[in-house]
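The report below describes the fold of one protein chain, beginning with its overall make-up and then moving to its sheet, its helices and a few single residues. Please keep the sequence and the model in view while reading.

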Amino acid sequence: MALIVYSLSVPPSPLTLPKTAAATSSAITLTARSPRLRFTASSSSSSPSSPSPSSGGGYMDFPYATAPVRDLMMDLVSTVESRIGSQLLPCSLPPDVARYGNESGSAEAALLVRSGVESSPGKREDSKMKIDFILGSWIYCQLPSGAALNITSLSCYLNDSTDAPNFLVELIQNGPTSLVLILDLPPRKDLVLHPDYLKTFYEDTQLDKHRQQIEKIPEVNPYVSTSLYLRCTVSPTAIFVTIKSEAGGAERLEEIVRDKLSVVAKDLLGKWLVVCLSSPREVEEDERSILKRRDQVFKSKTIEIDLGSSLPRLFGQETANRVLEALKGLFST
C-alpha cells in the first residue's frame with residue numbers, strides 16, 4: 001500500500017496528518033478476471049471543483065486536484081491501463097472502502113486497487129505475469145487553518161517472479177502555492193551487495209538526470225522526510241522535493257506541474273514499463289523466498305507505522321478499522 005509508504009510531514013498545521021499519501025491509499029482483495037477497467041473522470045480542462053463527500057465518483061475523478069495535477073494523474077493511470085490492463089484483475093473494493101470520508105465531511109478519500117493476474121501452473125516463466133498489484137488513491141482534508149490538503153498517488157508493485165524496482169508517484173498540496181513531490185523507483189534489493197542492480201536500473205537508465213532537472217527549478221528545494229525508515233527504502237535517484245511559488249502565485253505552481261513535473265513523471269513511468277516490467281531478470285527459487293519476505297515486511301511496516309495511527313485521526317476508528325482490514329487482506333497475500 002503505500003505502498004510505498006512514504007512518510008510525509010505536512011507543513012505546519014495544528015492537525016497531525018498522515019505520514020504518507022500512500023498511507024491513505026490502499027486496499028483490498030480482488031476477484032475474478034474481467035474486461036479492462038473503464039474510467040470516468042471530470043474534464044481535465046475544467047477548474048478544480050469541491051464536491052461534497054456524497055457527490056459520488058471514484059479514484060479517477062480527482063475532484064479536489066488542480067487541473068495540471070489531475071491531468072498528470074489521469075495520464076499516468078491511463079498509460080498503466082493501456083500497457084498492462086490485460087494483466088490486471090478488476091477492482092472489487094467494497095463501496096465504503098473505495099470511497100470514504102469522516103462524519104464531519106472534512107476529510108474524504110478514494111482508492112483503486114487491481115491485483116495482477118497469476119501465471120498458470122507450470123508457466124512461471126511467463127514474463128508478462130509480473131504485477132503484484134497497482135494502487136491509486138487521493139485524499140482531501142480541510143485543515144484547521146482554513147487551507148486544504150490534497151494528496152494524489154499511484155504505486156505499481158511487482159511480484160516475486162522478478163526483483164526489479166516498483167514505481168511510485170505522490171503529489172501533496174496544502175495550498176495554491178505549495179506542493180511536495182515524491183517520485184521514485186524503489187529498489188527491492190540491497191544496492192551495496194548488488195552493484196549490478198544499481199547499474200541496470202539506476203545508472204544505465206540515467207535516472208539521476210530527472211532529479212537534477214527538477215532541482216534546477218528556482219522554486220524547488222529538497223524535502224527531507226522525518227521518517228528514517230522511509231529514507232532507507234527509496235533509491236539514490238529518488239525525487240523528494242518541495243515547491244513553493246509564493247512570488248509567482250498559483251499560476252506559477254501550475255506551470256511547473258504542467259511543464260516540468262509532468263514530463264519527468266511520465267518519462268519515469270515509461271522507463272519503469274520498459275526497463276523494470278519487461279526486465280528479463282529471473283529470481284531463483286532460493287532467492288524468491290527472501291524477496292517475498294522483504295516485500296511482506298515492507299507491506300506490514302506500512303500498516304504498522306503509518307496507517308494504524310493516521311487513519312483513525314482523519315476518518316474515525318470505525319472507518320479506519322474497515323479500511324485497515326481490507327489492507328491487511330491485500331498485504332497478507
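The secondary structure of this chain comes to eight helices and eight strands, where helices (H or I, at least four residues) and strands (E, at least two) are DSSP runs numbered from the N terminus. The model is a predicted one, in which local features need pLDDT of at least 70 and side-chain atom pairs count only at pLDDT 80 or more, while totals for chains, interfaces and linings use all residues. Residues are numbered from 1 along each chain as its sequence is written, and side-chain values use heavy atoms, with hydrogens and water left out.

Of the 333 residues of the chain, 54% count as buried; buried means under 20% relative accessible area, exposed means over 50%, and partly exposed lies in between, with a 1.4 Å probe and protein chains only. Among contacts (heavy atoms within 4.5 Å) between residues at least 6 apart in sequence, 68% join residues at least 24 apart.

## The sheet

The eight strands of the open sheet follow the order S1-S2-S3-S4-S5-S6-S8-S7, with antiparallel pairing; two strands pair if DSSP finds at least two bridges between them. Strand S1 (99-101) and strand S7 (220-222) stand at the edges with a single partner strand each, so one side of each is left without a neighbour in the sheet. On average, and with direction ignored, neighbouring strands of this sheet are turned by 15° against each other; the axes behind such angles are lines fitted to C-alpha atoms, for helices over the stretch in contact, and angles run from 0 to 180 degrees between N-to-C directions.

Strand S4 is mostly covered, since ten of its eleven residues are buried. On one hand S4 (residues 148-158) pairs with strand S5 (residues 167-175) in the antiparallel sense over seven bridges, and on the other S3 and S4 pair in the antiparallel sense over eleven bridges. Ser155 takes part in both pairings, with Leu168 as its bridge partner in S5 and as the partner in S4 of Leu135. Another bridge joins Asn150 to Gln173 in S5. S3 and S4 form a hairpin with five residues between them, and Gly146 in the turn has a positive phi of about 105°.

## The helices

How do the helices lie against the strands? Helix H4 lies across S7 and strand S8 (239-244), and runs at about 15° to S8.

Helix H6 (residues 249-276) has 28 residues and should span 40 Å at 1.5 Å a residue, the expected span being 1.5 Å times one less than the number of residues; its end C-alpha atoms are 38 Å apart, which agrees. H6 also has a kink of about 40°, centred on Leu261, where the bend at a residue is the angle between axes fitted to the seven residues ending there and the seven starting there.

## Single residues

Most residues other than glycine have a negative phi. Two residues with a positive phi are set out here.

| Residue | Phi | Location | Relative accessibility |
|---|---|---|---|
| Phe62 | near 40° | segment before helix H1 (67-84) | 1%, buried |
| Gln206 | about 55° | loop between helix H3 (195-203) and helix H4 (208-215) | 45%, partly exposed |

Ser279 lies in the loop between H6 and helix H7 (285-315) and counts as buried because its relative accessibility is 4%. Not counting residues up to four places away in sequence, Ser279 touches Lys130, Phe201 and Val274.

Leu191, in the loop between S6 and H3, also counts as buried, at 18% relative accessibility. With residues up to four places away in sequence left out, Leu191 touches Tyr197, Leu198, Tyr202 and Pro236. Leu191 and Ser235 are 44 residues apart in sequence, and their C-alpha atoms are 8.8 Å apart in space.

Finally, a search of the whole structure finds zero disulfides, a disulfide being a pair of cysteine sulfur atoms within 2.5 Å. Cys141 is buried, with a relative accessible area of 4%, and Cys156 is buried as well, with a relative accessible area of 1%.
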